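Thanks for coming. I have one structure to go through this morning, and I will keep to a few local features.

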Amino acid sequence: METRQRFSDKIDWGLIFLLFLFFIVSVIAISSAQTSGQYAGYNFVLRQAFWYVVGFILIGFALLFDPDQYKRLAWYAYGFGLFLLTILIIAPSSIAPLRNGAKSWFELPGIGSIQPSEFMKTFLILAIARVISSHHEDNPKKTIKSDFILLMKIGVVALVPLGLIMQQPDLGTSLVIIAIVSGLILVSGITWKLIVPIFTGAAAIGGSILALVVYAPQILEKYLNVQPYQFGRIYSWLDPYNYQKQEGYHLVNSLKAIGSGQVFGKGYQDKQVYIPENHTDFIFSVIGEEFGFIGASIVISLFFLLIYHLTKTALDIKEPFSAYVCAGVISMITFHVFQNIGMTIQLLPITGIPLPFISYGGSALMGNMLALGLVFSMRFYHKNYMFSSDDS
């Protein structure tokens, strides 16, 4: 028998509280980052606060739809995302300018920059969650053949936006797409007889490419038309101090900033190491320098609590589609955190991925808030029953 719940009981107050804590951390970190000379006259804090307000409005909007409606709307959202990515490629430079060699943003008068790929990640989660749940409904009896067909369906759905994003080119978002797909494949119920060879093969290919970059770059230049300058990020990652005046500049300074923060940090707005664009991709370096190991650990702990909370929500939800949506959001946020923090401490190459909910950026924040809006909706419309199989 279904139990009645009050409106307030269906709101995920724990997740709202975590978002409030992230807002506080973001405001403190950005307010310090913007004191660098290059940002004179800018107030990124007010802009970030504005985007947070817009983000909470998106969450409220997301609560207007229940999981069944999201399942029906999944292909429309996916198609809309592909439409935006396609328009972005063919749009004139007046509304889609080239930045740092990438055509990834729309410039809209009165609004600013909008990056469609940030929203495409959420739309892709909806589409793949529908593919997986619908496939299992149509194929209640699992076989290797049915699992292989599901794998092909997921691959086709993912490759289209991945191809468009790589055309920009945007390596960071492409890696996020791969992470989302990988996470959903792992929880999709596909047999390990298929998953293990595929992931092993992907790891082998990735390792082989890395080895060629280091030991035989001429092969990649000849057969894949990779330009010499494109190897710079890998070389500067492996040996940043030999490239500290070029591609390794950000990484070397990030290591200096975080290392010099030691245990307790230098104090709020007392940073001494200059890092360009430290209010966006390198916001963690600011936190590490000013608040030290303690401050950095608190931020990492907040992300741990967020991922734990989302995982618990996914496990509590009984509807397959809703659970897959939550799994996709978890995969996206987890990779974002791991990649962003990892690149600031030389654990991973620099890819330009922002730190979720903390780095400055309207599109990234709205995209992440929209993704969490889906989780809020899945939790809000989740039905509790007095007698369930878990109680036995």
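I will take one helix, then a surface patch, then the salt bridges.

Before that, a caution: this is a predicted model.

Start with helix α3, residues 44-62. The helix has 19 residues, and the distance from its first C-alpha to its last is 26 Å. That is close to the 27 Å expected at 1.5 Å a residue. At the N-terminal end, α3 is capped by Asn-43, which places a side-chain oxygen 3.3 Å from the backbone nitrogen of Val-45.

Val-45 is also one of the buried residues of α3. The others are Phe-44, Gln-48, Trp-51, Tyr-52, Val-54, Gly-55, Ile-59 and Ala-62. What covers them? The cover includes α2, α4 (67-90) and α14 (362-380).

Now to α2, which spans residues 13-33 and holds Ile-24. Ile-24 counts as partly exposed, because its relative accessibility is 34%. Ile-24 contributes to a nonpolar surface patch of about 480 Å², together with Phe-17, Phe-20, Ile-28 and Tyr-268.

Next, the salt bridges. How many are found in the whole structure? The search gives 6. I will show three.

The first on my list pairs Glu-118 with Lys-121, with 2.8 Å between the closest N and O atoms. Both belong to helix α5, residues 116-138, and because they are 3 residues apart, about one helical turn separates them. As a reminder, an α-helix has 3.6 residues a turn, so residues three or four places apart point the same way. Are these two side chains buried or exposed? Glu-118 is buried, at 5% relative accessibility, and Lys-121 is buried as well, at 1%.

The next pair is Asp-147 and Lys-142, where the closest N and O atoms are 2.7 Å apart. Here Asp-147 is buried, with a relative accessible area of 2%, whereas Lys-142 is partly exposed, at 43%.

The last pair is Lys-266 and Glu-289, whose side chains meet in a salt bridge of 2.8 Å, N to O. Lys-266 sits in the loop between α11 (249-261) and α12 (283-316), while Glu-289 is in α12, so this pair ties together parts that are 23 residues apart in sequence. Lys-266 is partly exposed, with a relative accessible area of 22%. Glu-289 has a relative accessibility of 1% and counts as buried.

To recap the acids in these three pairs: Glu-118 is buried, Asp-147 is buried, and Glu-289 is buried. That is where I will stop.

Definitions and conventions
Residues numbered from 1 in each chain as written. Predicted model: local features only at pLDDT ≥ 70, side-chain atom pairs only at ≥ 80, totals over all residues. Heavy atoms only, no water. Patch = residues over 30% accessible without salt bridge, like charges linked within 9 Å, V, L, I, M, F, W, Y side chains within 5 Å. Areas by Shrake-Rupley, 256 points an atom, 1.4 Å probe, with all protein chains shown as cover. Salt bridge = Lys/Arg side-chain N within 4 Å of Asp/Glu carboxyl O. Helix = DSSP H or I, 4+ residues; strand = E, 2+ residues; numbered from the N terminus. Buried < 20%, exposed > 50% of the residue type's maximum accessible area, 1.4 Å probe, protein only. Expected span 1.5 Å × (residues − 1). Contact = heavy atoms within 4.5 Å. Polar contact = N/O pair within 3.5 Å; in protein donor to acceptor, adjacent residues only side chain to side chain.
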